[in-house]
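Got your viewer open? Let's take a short walk around one helix and the neighbours it packs against.

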Amino acid sequence: MAANTTLVYDLPPLPAYTLVPRPPLVAGIPDNILALILPVLAYWVVSMFFHLIDVYDLFADYRLHTPAEVLTRNRVTRWDVVKDVVLQHVIQTIAGLIMAYFDGPEYIGREDYDVAVWARRIRFSQKALPYLLAVFGLDASGVAANLSQNGHKILAGAIAGGKYPGITQSIISSSGIEAVAPAFTDWEMALANFIYWYFVPGLQLLWGICVVDTWQYFLHRAMHMNKWLYVKFHSRHHRLYVPYAFGALYNHPVEGFLLDTAGTGIGFLTSGMTHRQSMWFFTLSTIKTVDDHCGYAFPWDPFQHLTSNNAAYHDIHHQSWGIKTNFSQPFFIFWDRLFDTQWKGEVKLRYERSREAAEKQFGGEAQQESDADADTDVASEKPSQDAMVVSAEDSAERITRSSLRKKTATLSPSVDSLKSVNHGVTSSVL
Ligand SMILES: [Zn+2]
Ligand SMILES: [Zn+2]
């Protein structure tokens, strides 16, 4: 039975809550499994977008390298790249599934309670304001009384140390007693909601990003400092002198697991993210890595302008002259700045030299091929033993190469335009 009794509360009371399991975002797929599927999906969707741009020669002015360079400088076929990336995706998915096995279910229902906890912290922290004002020689109670008389009651309450006698709520306790208790002000609730729903998740994401950057910088740098590590593992990624989007995760499986899977895994585990947040984190990290290898410096690509680390920055690391610099990946470059490993020399001439060398080599190869084609024509009636053992992979690669040659031939005006001012590389790296 409710009684009209007033209880004294120091702080607004926290609401009761009931926990229920969080329903999955997509019916039938648990959130932690969806968090494993989305990055793989994002990898191929985003990299196929860039691949189509490459194949159809769109935005050629923004290419970091000419098609002739793609043709002559890489030391691995696209097919081998695809195979290793698929293997890496399989490994990271298995690692994620093992983690998911030990994951407990996630619950919802506590959100209002947690927001109120933040509102209480805000109320509590206002107690410091009178002391802070006293440091500047101001009498908080006097200022508050003045403000209150002029109608600024909420501001007066904050300055007085979080005292809002006029803001109350009626509550009924578990024993059925009705009571008048202090309530939170609108601004306290708005701030608490912002902290709970945006600020803390933002910090968790930033923490995860910094963990990944830190993990990757030191391991990546170690791979370049230690000859055995480089030769055994990391040299594989550097077969791509001219990176392209779906080559982003072209790594030795051990390196792929150590750098990417373990790095993002530790970032997630130490950040306290929920499974829903981890979907954003894993997918964002994946898209950023793909973008960093896309081979284009686009003015309209937000991922290339969020931080100083982008395709142009990482491309320098893929060049023989820049390989001992620009280790930072995939988000920020503060470790390169801190340890003075950022490329500082000029790049324009170096890029031009690479382009010219590739054009020359390309021309030479094209000549050789046409000579070889002529020889084959003569011998075509009686195929040689050598011709019989050409693997399917070789012929596929040959088709790719000849289509690239055609592309380069048709692209020559664009290739020339790449020699202009900065061939699309942002001025910050030039
Ligand atoms: Zn490297
Ligand atoms: Zn790379």
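One term before we start: a crossing of two helices is called right-handed if the near helix is turned clockwise from the far one by less than a right angle, and left-handed if anticlockwise. Keep in mind, too, that this is a predicted model.

**Stop 1: helix 1 and helix 11**

Select residues 31-55, which are helix 1, and then residues 275-292, which are helix 11. Their axes come within 8 Å and cross at roughly 20°. Angles under 35 degrees count as roughly parallel, so helix 1 and helix 11 are roughly parallel to each other. As for the term you just met, the crossing of helix 1 and helix 11 is right-handed.

Now show the side chains where they meet. On the helix 1 side, pick out residues including Leu34, Leu38, Ala42 and Val46. Facing them from helix 11 are residues including Met279, Phe282, Thr286 and Val290. What classes of residue make up this contact of helix 1 with helix 11? There are eleven nonpolar, six polar and two charged.

**Stop 2: zoom in on Leu38**

Stay in helix 1 and centre the view on Leu38. Leu38 has 18 other C-beta atoms within 10 Å, which means that it is partly exposed. Which residues does Leu38 touch, once you ignore its neighbours within four places in sequence? The answer is Met279, Phe282 and Thr283. Try a distance label as well: the C-alpha atoms of Leu38 and Thr286 are 9.4 Å apart, although 248 residues separate the two along the chain.

**Stop 3: helix 1 and helix 3**

Keep helix 1 selected and add residues 78-102, which are helix 3. Here the axes are 9 Å apart and the packing angle is about 165°. Helix 1 is therefore roughly antiparallel to helix 3. The crossing of helix 1 and helix 3 is right-handed. To see the contact, select Asn32, Ile33, Leu36 and Val40 in helix 1, plus His89, Thr93, Gly96, Leu97 and Ala100 in helix 3. Colour this contact of helix 1 with helix 3 by class and you get five nonpolar, four polar and no charged residues.

**Stop 4: two stretches from the record**

Finally, an unreviewed UniProt entry lists "transmembrane region" at residues 33-53 and 195-219. Select residues 33-53: the chain there is 100% helix, and the end C-alpha atoms lie 31 Å apart. Then jump to residues 195-219, where the chain is also 100% helix. The end C-alpha atoms of residues 195-219 are 34 Å apart.

Definitions and conventions
Residues are numbered from 1 along each chain as its sequence is written. Chains are lettered from A and ligands numbered from 1 in the order in which they are written. This is a predicted model: local features need pLDDT of at least 70, side-chain atom pairs count only at pLDDT 80 or more; totals for chains, interfaces and linings use all residues. Axes are lines fitted to C-alpha atoms, for helices over the stretch in contact, and angles run from 0 to 180 degrees between N-to-C directions. Helices (H or I, at least four residues) and strands (E, at least two) are DSSP runs, numbered from the N terminus. Angles under 35 degrees count as roughly parallel, over 145 as roughly antiparallel, 65 to 115 as roughly perpendicular and the rest as oblique. Two residues are in contact if their C-beta atoms, placed from the backbone, lie within 7 Å. Ala, Val, Leu, Ile, Met, Phe, Trp, Tyr, Cys and Pro count as nonpolar, Asp, Glu, Lys and Arg as charged, and the others, Gly among them, as polar. UniProt positions are given in the numbering used here, feature names are shortened, and annotations may be inferred rather than shown by experiment. A residue is buried if 20 or more other C-beta atoms lie within 10 Å of its own, exposed if 12 or fewer, and partly exposed in between; C-beta atoms are placed from the backbone.
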